[in-house]
Amino acid sequence: MSFSTAFTRALALRHPIALAPMGGSAGGALAAAVSNSGGLGLVGGGRGEPDWLARELAIVTERSTGPWGVGLWTWAVGPETVARVLEHGPDAVMLSFGDPGRFAPQVREAGVALIVQVTDLEEARRARDTGADVIVAQGGEAGGHGGTRGTLPFVPAVVDLVAPVPVLAAGGIVDGRGVAAALTLGAAGALVGTRFQVGSEALVPPGVVQALIDARGGDTERSRVLDIARDAEWPHPYTARTLRNAFLERWRGREEELSRDTAVRQAFRDAVARGDLDAVPVWAGEGLDLVTAVEPAADIVADLVSGAERALASACAGLSFELRSGAEGQRRTDNPGAHTTR
């Protein structure tokens with residue numbers, strides 16, 4: 001089944017699924033696999049490291065048969081990075097974490113769709129006024145960096161605020177039921193990250209993949225500790241959701257002390273370089289309970305779409321409808337035990 005939404009129509013997609021542009025792990029092969037399966041593959045360009053971008057953009061350009069794009073951290077890049085991305089002919093550029101107005105004219109003048117991710121209503125208003133073609137409403141259940149709003153109440157608030165701009169829901173969506181929920185909240189699709197972290201094409205070390213499969217949503221936490229330890233200059237509003245590890249447990253609540261201890265931070269970076277999972281930030285969202293196996297991205301896309309179809313069909317089958325006739329307003333239901341909607 002293919003769902004036709006404002007998002008799929010705007011970007012000529014078969015499915016209302018987008019790959020979250022996870023920095024460092026959503027490379028060209030993963031983005032191409034999602035695009036070739038009917039969704040929108042987004043390369044995780046992050047801060048725009050030139051060599052990494054050149055390699056991964058060459059891969060996605062060569063392998064993609066469908067629309068694809070690139071995601072960038074707005075606070076961490078300059079116009080030259082955006083220009084470098086645009087030279088490869090993406091169908092979309094997604095800007096996250098910062099003022100999209102800095103680069104919106106550059107993207108739009110290239111005839112490329114502008115996607116803007118937002119974490120609160122003020123950011124959503126700014127994205128709308130900037131002229132975003134698609135807005136991603138990211139809830140705090142998402143893995144990696146983001147805000148604190150819950151996906152369920154945040155998405156419809158953004159939908160109402162920015163209409164008629166299409167909205168993608170993000171944060172804790174890892175299966176078809178999550179996609180179906182996003183659609184019923186008024187979103188035109190879903191941006192999915194954590195599920196694709198264990199996609200077989202993702203640039204994720206095997207030990208991290210296994211840690212993701214073994215963990216549960218309750219093992220994740222939003223914090224600034226690991227960003228401070230690695231000297232990452234993330235803007236203060238955005239914390240990172242990762243798996244808890246020994247380093248985070250040790251330094252939780254001692255962020256100021258950590259920021260002053262250069263020896264500890266150097267030891268942390270050395271441990272990360274060794275791949276020590278007691279230190280390595282493992283980006284993960286609260287949907288981990290439903291992430292159980294490594295799969296090709298094509299299978300993940302197919303499962304998300306078929307699962308959404310089943311979820312919507314099941315929800316409709318479980319409902320009965322109240323019909324009113326005349327002044328009596330007599331209630332008629334096909335299933336007396338079912339919930340009733342007017």
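Asp-231 is partly exposed in this predicted model, with a relative accessible area of 39%, and its place is the loop that runs between helix H11, residues 225–229, and strand E11. What draws me to Asp-231 is its backbone, since phi is positive there, at about 55°, although the residue is not a glycine. Most residues other than glycine have a negative phi, and most peptide bonds are trans.

Ala-12 can be set beside it, as a non-glycine residue that likewise has a positive phi of about 55°. Ala-12 sits in the loop between H1 and E1, and at 61% relative accessibility it counts as exposed, because the threshold for that class is over 50%.

That loop, between helix H1 (6–11) and strand E1 (17–19), also holds Arg-14, which at 46% relative accessibility is classed as partly exposed. Which residues does Arg-14 touch, once neighbours within four places in sequence are left aside? They are Ser-2 and Phe-3, together with Asn-36, Ser-37 and Gly-38. The C-alpha atom of Arg-14 is also 6.5 Å from that of Gly-39, a residue 25 places away along the chain.

While we are on the backbone, let me mention the peptide bond from Ala-163 to Pro-164, which is cis, with omega near 10°; Pro-164 belongs to the loop between H7 and strand E8, residues 167–170.

Helix H7, residues 151–162, brings me to the second largest pocket, for H7 and helix H8 (176–184) each supply at least two residues of its lining. H8 gives the most, with 4 residues. The volume of this pocket is about 200 Å³, and among the 14 residues that line it, those closest to the centre are Thr-151, Gly-171, Gly-172, Ile-173 and Ala-181. Sorted by class, the lining comprises 6 nonpolar, 5 polar and 3 charged residues.

Now to the interior. In soluble globular proteins, nonpolar side chains tend to be buried together. Here the largest nonpolar core has 93 residues, and Phe-7, Leu-40 and Phe-196 are those with the most contacts inside it. Helix H15, residues 297–317, gives the most to this core, contributing 7 residues. Another core, of 12 residues, lies apart from it and includes Leu-258, Val-264, Phe-268 and Ala-279.

Helix H4, which spans residues 79–86, lets us look at burial on the scale of a single element, its buried residues being Thr-81, Val-82, Val-85 and Leu-86. Why can these be said to line one face of the helix? Viewed down the axis of H4, the buried residues fall within an arc of 135°, and therefore they occupy one face. The cover over the buried residues of H4 includes two helices, H3 (50–63) and H5 (104–109), and two strands, E3 (68–73) and E4 (92–96).

I will finish with Thr-239, which is found in strand E11, residues 239–243. Is Thr-239 buried or exposed? With a relative accessible area of 18%, Thr-239 is buried, because the cut-off for that class is under 20%. Leaving aside neighbours within four places in sequence, we find Thr-239 in contact with Gly-144, His-145 and Gly-146, and also with Arg-222, Ser-223 and Arg-224. Strand E11 thus returns us to the starting point, as the loop that carries Asp-231 lies between H11 and E11.

How values were computed. Residues numbered from 1 in each chain as written. Predicted model: local features only at pLDDT ≥ 70, side-chain atom pairs only at ≥ 80, totals over all residues. Heavy atoms only, no water. Buried < 20%, exposed > 50% of the residue type's maximum accessible area, 1.4 Å probe, protein only. Arc of directions from axis to C-beta. Contact = heavy atoms within 4.5 Å. 1 Å grid on protein atoms, 1.4 Å probe; cavity = no way out; pocket = protein on both sides within 12 Å on 5 of 7 lines; lining within 4 Å. Points joined across faces, edges and corners; volume = space filled by probe spheres on them. Nonpolar A, V, L, I, M, F, W, Y, C, P; charged D, E, K, R; others polar. Core = buried A, V, L, I, M, F, W, Y, C linked by side-chain atoms within 4.5 Å.
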